[in-house]
Each structure stands twice: as structure tokens, then as C-alpha cells.
Amino acid sequence: MTIDQHLDTFHDLPVRRFGPPSADHSGVTDHGSVAWRVHVDPYGDEEEAFTEAFGRFRETVELEQVSALVIGSWGEVYDSDSSQVVESILAVKDRLTSLRALFIGDLVLEEAEISWIEQSDLTPLLEAFPALEVLGIRGGTDLVLKPVEHAALRTLLIETGGLPGEVARAVGDSRFPALERLELWIGQESYGCTTTTEHLAGVLAGTRLPALHHLGLRNADEQDAVAAAVAAAPVVRQLRTLDLSMGALTDAGADALLAGQSLAHLRSLDLSYHYLSDDGVARVQAAMDAAGVAVDLSDQQQPYVHGGEEHRYSAVGE
């Protein structure tokens, strides 16, 4: 799987690119009617530093109206981290009074592999915007999140090819009383994943996530271990939807999930992109049909065989 399209909507608003110096934004009179996307193209005809582009943005757009902000490339993202993005946003936090949704790292494959995106400590963004409802992050390299308490956040999405364990732990150690949707892409050890089920213990307990009703623990090479942990996790009882897709899930993980606590209260279970056998698919389908749970078992994968050994990989790594 590759990420080959930028966000075209965000926070229920159409995304509008804040273009290079030659761009004309006179047609947008209600600056809160779109999700603004700020980025630079380090190889374009109008080469510009991110701080310069963001400087034009804050002088051109009525920041007080902006409710959704998408940050794309900030330059050569494999050579410079997102700290300049954080600093630029924090410098105008007193003007971004309506900001409710923020996405950092809206890059596609032709710009950078997901594991090339160098992030930074994004905790100050949560601390600076107590009314923020949505935070999306793409890229796990050098990503830092520290435990926080945030009363308004409703959606947290972290897409990585390798999720640092301390980030997963910090999410579970944070207090998010309003969080309804949590999605973590766990990834592969070879691309920076250090997350184990121990790091996910806080999330799986759910004690600091009382409003959570959608949990995605996706894209894990060790998806069997994740499924087995989910099978006994207290948080599952409060969920409406569970997403364990995009990982190297085998019959062992699926059987552990079926042998655990009842999933009959779920509206849907997403296991798409998996390595289940035909028999495994049939067992899961029959069990979910009996429980009245919609299950997605599409995109069945086959192991890669090399040197007589089978290899299975999550959907997104490099």
C-alpha cells in the first residue's frame, strides 16, 4: 500500500492549497470555509523556505477564521524535522483562536516515503491549543509525544511505518476524556517501530479514554500479538468499531481474537489486508455473522517465500 493522494477534505472542509508567491487567493473571502494546506516544494520553480511560506500565509489569511490547518512538506523532510512547523504555528497561536483541526505531514509517496518524514516533539501543539478537536500526524521518525491532559481532543491519528514505543505509551498515559477515535499505525521494526503490547497497555486499559468508541491498531508486523492483546483488553467493551487492518495478521492472531472476549457488541471489525488462510477467513466470517458484526476480510495476502522461509509484512513500512 502506498499513500499517493493528499487530503482533499479535512474536518469536513475542502482542502485549499496555499500556493507559492504567485498564487491568487482573492477568490476566498471566507477564510474559515476551507482547510488551508501550507507546504513548500523544495524542487519547484518558486523555491521558498517553509518559514517564508508560513509568513505569507499569516499575512494573507485571516487566521482568526481558520478552523482547520494541514501542513504538507516543509522542505526536504528527510533532512529537516518538523520543529520549524511547530515553531511557526506556536508563534501565531494567539491569532489561531478558531483552530479545531490540525494535520502535520500530509505528504505522499512521490514527495517522501512515510519513514523518511522527520517529525519532532509535537506535544507543545496540544498544550497550546486546548480547544483542538482533531490531530493527525504522518511520519514516526523522531516523533515525540509526552503525556498530556487535553479536554477537547476527539480524534487522534498517527500514521507511521514504525511507531516509537514511547509515543504509544504516552498516548495511553495521557488523559483524553473526549477522545472518540484513536488510530495508531504501528509498522515495522526495520523502519523504526519499537512499539510492543506493553507500550499499548494504557490504550488497551482504556481508563483514561472514557469516550473512545473507535480504536484502530493498524499496520503492525506483529499484528498477531496485537490481536491477542486486544482479545482481553478492557477497552474493547466500550468500542463500536475495531480496526486491526493493514497488518501481518495470520490465523493465530485471528483465532486468539475469536477465543477472547465477546465482540458481538461491535458494529464492525476491519481485518482487511491480512494473511489468513481460506479456512481462517471462513472461521472469522462465520463467527462475526453469528454475532451480527460486519467484518471486512478483503485484500487477502500471500506470504513472500525466500530461502524456504515465509515472510509477512504490514502494508506500510518504508
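**Salt bridges, aromatic pairs and cores in a predicted model**

The side chains of Arg 283 and Asp 255 are joined by a salt bridge, with N and O 3.2 Å apart. In this predicted model, the pair connects distant parts of the chain, since Arg 283 belongs to helix H8 and Asp 255 to helix H7, 28 residues away in sequence. Asp 255 has a relative accessible area of 32% and is therefore classed as partly exposed, and Arg 283, at 37% relative accessibility, likewise counts as partly exposed. Arg 283 also meets Asp 251 in a salt bridge, for which the N to O distance is 3.6 Å. This second pair again links helix H8 with helix H7 (residues 251-259), here across 32 residues.

Across the structure, the count of salt bridges comes to 13. Another of them joins Asp 106 to Arg 37, whose closest N and O atoms are 2.9 Å apart. Because Asp 106 lies in the loop between E5 and helix H3 (123-128), whereas Arg 37 lies in strand E3, this salt bridge ties together parts of the chain that are 69 residues apart in sequence. Both Asp 106 and Arg 37 are buried, and the two residues belong to a network of salt bridges that also takes in Arg 138 and Glu 159.

The strands are arranged in an open sheet of twelve members with mixed pairing, in which the order runs E1-E2-E3-E4-E5-E6-E7-E8-E9-E10-E11-E12. The edges are occupied by E1 and strand E12 (294-296), each of which has a single partner strand, so that one side of each is left without a neighbour in the sheet. Within the sheet, strand E9 (residues 214-220) and strand E10 (residues 241-243) pair in the parallel sense over three bridges, and His 214 is placed opposite Thr 241 of E10. Helix H6 (residues 223-231) lies across strand E8 (181-187), E9 and E10, and runs at about 155 degrees to E9.

A search of the whole structure for aromatic pairs finds eight. One of these is formed by Phe 10 and Phe 103 in an edge-to-face arrangement, with 6.1 Å from centre to centre and 85 degrees between the planes. The two residues are 93 residues apart and come from distant parts of the chain, Phe 10 from strand E1 (residues 9-10) and Phe 103 from strand E5 (residues 101-104). Phe 10 counts as buried, at 9% relative accessibility, and Phe 103 is also buried, with a relative accessible area of 2%. Trp 36 and Phe 57 form a further edge-to-face pair, with a centre-to-centre distance of 6.1 Å and an angle of 65 degrees between the planes. This pair links strand E3 (residues 35-38), which holds Trp 36, to helix H1 (residues 50-60), which holds Phe 57, over 21 residues. Trp 36 and Phe 57 are both buried, and the two rings are part of one aromatic cluster with Phe 18, Phe 50 and Phe 54.

Phe 57 is also among the residues with the most contacts inside the largest nonpolar core, which has 84 residues; others in that group are Leu 69, Ile 71, Ile 89, Ile 158, Leu 182 and Leu 217. When neighbours within four places in sequence are left aside, Ile 89 is in contact with Phe 54, Leu 69, Ile 71, Leu 96, Leu 102, Ile 104, Leu 125 and Phe 129. A second core, separate from this one, consists of 19 residues, including Leu 13, Met 246, Tyr 273 and Ala 315.

His 274 is located in the loop between strand E11 (268-270) and helix H8 (278-291). At 0% relative accessibility, His 274 counts as buried. Apart from neighbours within four places in sequence, the contacts of His 274 are with Gly 247, Leu 249, Val 281, Leu 297, Ser 298, Asp 299, Gln 300 and Gln 301.

Terms used: Residues numbered from 1 in each chain as written. Predicted model: local features only at pLDDT ≥ 70, side-chain atom pairs only at ≥ 80, totals over all residues. Heavy atoms only, no water. Core = buried A, V, L, I, M, F, W, Y, C linked by side-chain atoms within 4.5 Å. Buried < 20%, exposed > 50% of the residue type's maximum accessible area, 1.4 Å probe, protein only. Contact = heavy atoms within 4.5 Å. Phe/Tyr/Trp six-rings, centres within 6.5 Å; stacked < 30°, edge-to-face > 60°. Helix = DSSP H or I, 4+ residues; strand = E, 2+ residues; numbered from the N terminus. Pairing = 2+ DSSP bridges. Axes fitted to C-alpha atoms, helices over the stretch in contact; angles between N-to-C directions. Salt bridge = Lys/Arg side-chain N within 4 Å of Asp/Glu carboxyl O.
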